[in-house]
Amino acid sequence: MDKRLRYYLRPQRRRWGFTQKELAFIIGAKSRTVVSRLEHGRRQPRLAAAFALHIVFGTDAAEFFPALFAEVEQGVLARAYDLYERLQGNRSKTAQ
């Protein structure tokens, strides 16, 4: 997938006029390097950072990191389908 289409944190940060250092401070990151790595897809956001970004920009993490969201969604759905298939042959009351 084209990396230019995968990460939207940098344009949002710049639109709001924050430097990487300022945004890092606001979201509680230790340095601007964390923001840089998030912007370039070299680091996955921690849950607290994703929440903080949502609070700052009013945007869901899935909109900042659509490729990561799609990857997680695909994995969850595949495992849910796998579990469903496994439970089909199980006649216990718990499975039903």
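In the predicted model, helix H4 spans residues 47-57. Six named positions of H4 are buried: Ala 49, Ala 50, Ala 52, Leu 53, Val 56 and Phe 57. Viewed down the axis of H4, these buried residues fall within an arc of 160 degrees, so they line one face of the helix. The other side of H4 carries exposed residues, namely Leu 47, Ala 48, Phe 51 and Ile 55. The buried residues of H4 pack against three helices: H1, H2 and H5, the last covering residues 61-64. Gly 58 follows H4. The phi of Gly 58 is positive, near 70 degrees.

Helix H3 covers residues 32-39. Its buried residues are Val 34, Val 35, Ser 36, Leu 38 and Glu 39. The list thus includes Ser 36 and Glu 39 alongside Val 34, Val 35 and Leu 38. Packing of the buried H3 residues is against helix H1 (9-16) and helix H2 (20-27). H1 and H2 also receive the buried residues of H4. Just after H3, Gly 41 adopts a positive phi of about 75 degrees.

Within H1, attention falls on Gln 12. The relative accessible area of Gln 12 is 11%. Buried residues lie under 20%, so Gln 12 counts as buried. Leaving aside residues up to four places away in sequence, Gln 12 touches Phe 57, Thr 59 and Phe 64. Of these partners, Phe 57 is one of the buried residues of H4, and Phe 64 falls within the span of H5 (61-64).

Notes
Residues numbered from 1 in each chain as written. Predicted model: local features only at pLDDT ≥ 70, side-chain atom pairs only at ≥ 80, totals over all residues. Heavy atoms only, no water. Buried < 20%, exposed > 50% of the residue type's maximum accessible area, 1.4 Å probe, protein only. Helix = DSSP H or I, 4+ residues; strand = E, 2+ residues; numbered from the N terminus. Contact = heavy atoms within 4.5 Å. Arc of directions from axis to C-beta.
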